[in-house]
Amino acid sequence: MSDSATNTETAYIDFRNIGKQFGFGDEAFVVLEGINLSITKNEFVSIVGRSGCGKTTLLNIAGGLVAPSSGETIVAGHPVNGPGQGQGFVFQQHALFPWLTAAGNIEFGCRSSNLTKPQKKDLVKQLLDLVGLSRVADNYPRELSGGMQQRIAIARALAMDPEILVMDEPFGALDELTRIELQDELLRIWEVQKKTVMFVTHSINEALVLSDRIIVLAPHPLGVHMDLKITMPRPRDRTDPEFNALYKKIWVGLSS
Amino acid sequence: MNELHRRYFYTAAVFISLLLAWEYATGNGYLKPYRFPAPSQIAKAFVELSNVGFPRDLTIWIHVQTTVGRIAQGYVAAILLAIPLGYVIGRVPVLEKLTNPLIVFGRSIATLSLLPLVIVWFGTGELTKVILIAYGCFWTMISNVIAGVKYVDKDLINAARVFGVKGIGLYWTVILPAALPRIFAGARMALGVGFMVIVGAEMIGTIEGLGALIMEARTFYRSEVTIVGMLIIGVIGFLISSGLGRLEKYLVPWDTGLDEVRR
């Protein structure tokens, strides 16, 4: 507890005593309770935990899509009281607008910015280039593969030049190979456009490959069960002994 | 001859052989002409209808005009009513729950069973026919609009909120385009319903219109005229439907005709 004060000062995302329950009275279902969590700028933080431990709810609170029942969340110095305040979001199912082309979807991402029309076009071009998909600029989402759709979704989230990037199991629906490919891709993009990332995943492996820090949420008792700094240099070798030792540690933490 | 041409060729060949067999069968007394008028008789009836008319002076073109006019009025009225109503009902869960039984009920009542009542209320004039058509189209249309608006992917709405769209803006930027394919499907189905009820709607108080033509022909045992009426209803329905299909491809390119978009 002693260093929580200093943490708060450097915190870029700060969850202060967050609680969330759905329903009221006897029907009430408590998902989160007394969550205190500080994330520093440009940190890549993964949140793992079993289904129903409130990972997604915590993300949605950071994104402003869900209001907490108690406590408050600070992002980049201002309290969160709704979506669209600089939280870029990538959903599990790409959630691209089917009626817009790949380029159109990315442009939707910068609709609230102050850029001029030509500047927006330039930004869209840059981002398409960054995710390596310039050639499908004019295709509709339905015409793209799952991996491409998720890359466009990442580009769309970056288009708003977000303060934080919130990702809810973004690769959960992809096949294993595409998934590994996109993990590397995300790290490459993250090196170019440093953002503070909150990343929810079911995969310990994925969390270990990507993160500076892994938070394990547990349902019994509710709350942060483990908080690990991952200092291995990137790119990480998925067969390294240290990697495996950490894997085991988190696995045990999840099972206990 | 490429694959497509060959397919057309075979279809045409089958069709023509059937017509020839039919012609032969009536000519030789295997089929009664008043039950199955020969294709040549039907063709003759078509010529008679377009020159002299049936009844006299009411040519086929007048019938077509009248019918298309009635369908257009009833159809457009139904759509103009169903889209805004369905949009509101679909977005307000309470309203949706309250109106759902009513809509299932209304949709289940065969339009033509209303004929006697509608005549009592509105007489046997034009209004009655237009109302019957509108009634039939309305339920099909409104069920589809409600479904389209109600089942908009929640992720899409959240995605738009994340990018700063809120309140009324969501209805315009997300819900409308997301529901558009379903609304179009409804519009096409409703048109089909309009054509289905037309014969019944034109049964009473008129000798003008394709439905009336079919009924008149029955009275005089002119089966070949009935068949001309049927065929023309089919052709008009087909033309309008493919017109709507084109409009759909233009307005909803992401959902239809992706091959053409890709080229």
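**Exercise 1. The interface of the two chains**

How many salt bridges does the count give between chain A and chain B? Describe the interface of chain A and chain B in this predicted model.

Solution.
- Step 1: start with the salt bridges. The count between chain A and chain B is 0.
- Step 2: turn to polar contacts. The rule finds 2 residue pairs in polar contact across this interface, both residues at pLDDT 80 or more.
- Step 3: find the elements on the side of chain A. Strand E6 (87-90), helix H3 (102-109) and helix H5 (146-159) of chain A each give two or more residues to the side that touches chain B.
- Step 4: sort that side by class. The side of chain A that touches chain B has 13 nonpolar, 6 polar and 4 charged residues.
- Step 5: add the extent. In total, 23 residues of chain A are in contact with 20 residues of chain B. The two chains bury about 2000 Å² between them, and 69% of this area is on carbon and sulfur atoms.

**Exercise 2. The two domains of chain A**

Into which domains is chain A divided, and what lies between them?

Solution.
- Step 1: set the bounds. Domain 1 of chain A covers 11-86 + 162-255, and domain 2 covers 100-161. Taken over C-alpha atoms, the centres of these domains are separated by 25 Å.
- Step 2: describe the contact. Domain 1 of chain A brings 18 residues into contact with 12 residues of domain 2. About 1200 Å² is buried between these domains, with carbon and sulfur atoms giving 71%.
- Step 3: count the polar links. Between domain 1 and domain 2 of chain A there are 3 salt bridges and 4 residue pairs in polar contact, both residues at pLDDT 80 or more.
- Step 4: find the elements on the side of domain 1. Strand E7 (164-168) and helix H6 (176-192) of chain A each give two or more residues to the side that touches domain 2. H6(A) has the largest share of that side, 8 residues.
- Step 5: sort that side by class. The residues of domain 1 that touch domain 2 divide into 10 nonpolar, 3 polar and 5 charged.

**Exercise 3. A glutamate in helix H7**

Is A:Glu206 buried or exposed, and which residues does A:Glu206 touch?

Solution.
- Step 1: place the residue. A:Glu206 is found in helix H7 (residues 204-210) of chain A.
- Step 2: use the cut-off. Buried means under 20% relative accessible area. A:Glu206 has 1% relative accessibility, so A:Glu206 counts as buried.
- Step 3: list the neighbours. Leaving out residues up to four places away in sequence, A:Glu206 touches A:Phe171, A:Arg179, A:Gln183, A:Phe199 and A:Thr201.
- Step 4: pick out a polar link. The side chains of A:Glu206 and A:Gln183 make a polar contact at 2.7 Å.

**Exercise 4. Salt bridges between distant parts of a chain**

Which parts of the chain do the salt bridges of A:Glu43 and A:Lys229 and of B:Arg70 and B:Glu126 link?

Solution.
- Step 1: recall the principle. Side chains of opposite charge can pair when their charged atoms come close.
- Step 2: take the pair in chain A. A:Glu43 and A:Lys229 meet in a salt bridge, 3.4 Å from N to O. A:Glu43 lies in the loop between strand E2 (29-40) and strand E3 (44-48), while A:Lys229 lies in strand E10 of chain A, 186 residues apart.
- Step 3: compare accessibility. A:Glu43 counts as buried at 7%, whereas A:Lys229 counts as exposed at 57%.
- Step 4: take the pair in chain B. The side chains of B:Arg70 and B:Glu126 meet in a salt bridge of 2.8 Å, N to O. B:Arg70 is in helix H3 and B:Glu126 in helix H6 (residues 126-150) of chain B, so the pair ties together parts 56 residues apart in sequence. B:Arg70 is buried, with a relative accessible area of 2%, and B:Glu126 is partly exposed at 41%.
- Step 5: look for shared partners. Salt bridges join A:Glu43, A:Arg213, A:Asp227 and A:Lys229 into one network.

**Exercise 5. Cis peptide bonds**

Where is A:Pro235, and where is B:Pro55?

Solution.
- Step 1: take chain A. A:Pro235 is in the loop between strand E10 (223-229) and helix H8 (241-255) of chain A. A cis peptide bond joins A:Arg234 to A:Pro235, with omega about -5 degrees.
- Step 2: take chain B. B:Pro55 is in the loop between helix H2 (39-51) and helix H3 (60-91) of chain B. The peptide bond from B:Phe54 to B:Pro55 is cis, with omega near -15 degrees.

Terms used:
Residues are numbered from 1 along each chain as its sequence is written. Chains are lettered from A and ligands numbered from 1 in the order in which they are written. This is a predicted model: local features need pLDDT of at least 70, side-chain atom pairs count only at pLDDT 80 or more; totals for chains, interfaces and linings use all residues. Side-chain values use heavy atoms; hydrogens and water are left out. Domain bounds come from an automatic or database domain assignment. Contact means heavy atoms within 4.5 Å. Buried area is the accessible area (1.4 Å probe) that two parts lose on being put together, summed over both. A salt bridge is a side-chain nitrogen of Lys or Arg within 4 Å of a carboxyl oxygen of Asp or Glu. A polar contact is a pair of N or O atoms within 3.5 Å; within protein, one must be able to donate a hydrogen and the other to accept it, and residues adjacent in sequence count only if both atoms are side-chain atoms. Helices (H or I, at least four residues) and strands (E, at least two) are DSSP runs, numbered from the N terminus. Ala, Val, Leu, Ile, Met, Phe, Trp, Tyr, Cys and Pro count as nonpolar, Asp, Glu, Lys and Arg as charged, and the others, Gly among them, as polar. Buried means under 20% relative accessible area, exposed over 50%, partly exposed in between (1.4 Å probe, protein chains only).
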